[in-house]
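Ready for a few warm-up exercises? Have a look at the model below, then try each task before reading its solution.

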Amino acid sequence: MSSPSLPSVRLPLRPSPSPPPTTTPLSRRGPVLRSLTPSSPALALLKPLVSAAPASSSYRSALLLHRRRRHALPEAAEAATATPALIPKVVTKEYQEWDSATAKLAGGANVPFLLLQLPQIILNSRNLLAGNKSALFAVPWLGMLTGLLGNMSLMSYFANKRETEAVIVQTLGTISTHVVIVQLAMAEAMPLPQFVATSVVVAAGLLLNLLNYLGWLPATLWQLWDDFMTIGGLAVLPQVMWSTFVPFVPNSILPGIICGSLAVASVVMARLGKLSEGGTKFVGSLSGWTATLLFMWMPIAQMWTNYLNPSNIEGLSAFSMLLGMIGNGLMIPRAVFIRDLMWFTGSIWASVLQGWGNLACMYCCNIISRELFFATTFGLFIWLGFTFGKDTGAYGNSSPMTSLKELVFGK
């Protein structure tokens with residue numbers, strides 16, 4: 001999946017010839033560049049970044065160099081798939097350390113997300129072994145399918161951006177959700193044709209994403225998969241939003257059919273070159289945004305249900321809400337660091353609304369204690385302040401508002 005790129009200077013596929021030996025310009029580039037000799041291969045790669053554009057323009061992220069060493073990608077593949085972002089004029093040690101720390105934090109999100117799904121898997125297994133198949137009918141397979149589609153869309157999106165930790169998070173989410181779907185099919189709580197189709201799509205998605213990440217997949221085949229996910233996301237999102245308000249609105253599949261048809265038309269026009277450059281980029285970014293919006297809609301649907309049936313709040317698990325808030329919160333620093341507005345929007349929304357928001361509802365209904373709610377609130381605000389504070393120092397910005405402006409507007 002793709003998203004609109006920030007203005008940046010593209011790395012050439014081959015490093016430009018090294019300039020005549022001199023140390024004077026390097027002495028003004030900061031501690032990292034001063035340690036490089038004029039003939040250093042790393043300097044040959046960095047030179048286009050520091051000399052091809054004025055200081056006020058955007059630069060391609062220093063992650064290009066880190067990721068090339070980290071994933072051992074071919075240079076051409078790296079130039080085609082790397083994440084564009086802003087970097088400071090001086091690549092400091094603080095910047096490199098925060099780069100490494102944010103990647104580890106994003107990888108650490110696997111722990112709370114895995115703990116979030118395991119209790120449901122264990123409970124389903126116990127009911128199946130006990131022959132209590134009817135208990136699994138309480139788990140809506142359509143909701144699980146929606147979450148699965150969101151995980152697969154974001155998995156493809158992050159695979160394009162070479163964000164390994166985020167790919168692992170979405171891959172584990174896809175696999176764990178599919179395990180639940182398998183259990184539902186075993187209990188006959190999910191129709192067999194839908195289960196078979198879902199399993200085929202999951203297997204194809206995992207294989208294609210792996211091959212694409214390794215650089216072994218033809219671009220045409222990956223484009224077809226990307227288009228498929230775009231159409232699927234645009235068909236499912238409005239249908240899920242519409243179904244949330246049934247019976248206040250008529251029960252109908254028309255929203256999905258209409259939006260799915262528009263998605264097919266948009267994708268076909270984009271591939272035939274009938275859209276402007278901006279329109280083509282917009283269509284290319286839809287799959288990532290629809291996946292994010294699917295996850296963003298879940299807490300709204302939950303809060304709407306709570307509003308209609310306040311007694312349902314007693315059935316919510318404060319521990320699950322806390323795990324979801326922590327998992328999404330751990331990914332916020334990485335999203336801010338690489339200046340990915342879509343990732344940041346989804347993560348901050350889930351942390352604040354789905355996690356903290358549901359905990360606030362539970363506190364208002366006296367389901368959780370005051371100490372737990374205020375401790376959670378304090379911890380969330382401290383974490384957000386810490387994130388933007390560290391990012392401000394890493395980029396050498398004057399204030400957190402500058403980092404926020406770069407995140408939203410790309411400059």
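**Exercise 1.** Which residue lies over the face of Y213, and at what distance from the ring centre?

*Solution.* Keep in mind that this is a predicted model. Start at the ring of Y213: R162 lies over its face, 4.3 Å from the ring centre. Now try another ring, Y395: here R339 lies over the face, at 4.0 Å from the centre. Both distances fit the cut-off of within 6 Å for a charge over a ring.

**Exercise 2.** Work out how the rings of Y157 and F158 are arranged.

*Solution.* A search of the whole structure turns up 14 aromatic pairs. For Y157 and F158, first take the centres, which are 5.2 Å apart, within the 6.5 Å limit for a pair. Next take the planes: they stand at 75 degrees, and over 60 counts as edge-to-face, so that's what this pair is. Both Y157 and F158 are buried. Elsewhere, ring pairs join W356, Y363, F373 and F374 into a cluster.

**Exercise 3.** Which helix gives the most to the largest nonpolar core?

*Solution.* Begin with the core itself: it has 56 residues, and F158 is one of those with the most contacts inside it, along with M152, L184, W343 and F344. Helix 7 (residues 141–160) gives the most to this core, namely nine residues. Apart from it lies another core of eight residues, including I313 and M321.

**Exercise 4.** Is L118 buried, partly exposed or exposed?

*Solution.* Find L118 in helix 6 (residues 110–129). Its relative accessible area is 35%, which lies between the 20% and 50% cut-offs, so L118 is partly exposed. Together with V111, L114, L115 and I122, L118 makes a nonpolar surface patch of about 410 Å².

Technical notes. Residues numbered from 1 in each chain as written. Predicted model: local features only at pLDDT ≥ 70, side-chain atom pairs only at ≥ 80, totals over all residues. Heavy atoms only, no water. Phe/Tyr/Trp six-rings, centres within 6.5 Å; stacked < 30°, edge-to-face > 60°. Buried < 20%, exposed > 50% of the residue type's maximum accessible area, 1.4 Å probe, protein only. Lys NZ or Arg CZ within 6 Å of the ring centre and 35° of its normal. Core = buried A, V, L, I, M, F, W, Y, C linked by side-chain atoms within 4.5 Å. Helix = DSSP H or I, 4+ residues; strand = E, 2+ residues; numbered from the N terminus. Patch = residues over 30% accessible without salt bridge, like charges linked within 9 Å, V, L, I, M, F, W, Y side chains within 5 Å. Areas by Shrake-Rupley, 256 points an atom, 1.4 Å probe, with all protein chains shown as cover. Salt bridge = Lys/Arg side-chain N within 4 Å of Asp/Glu carboxyl O.
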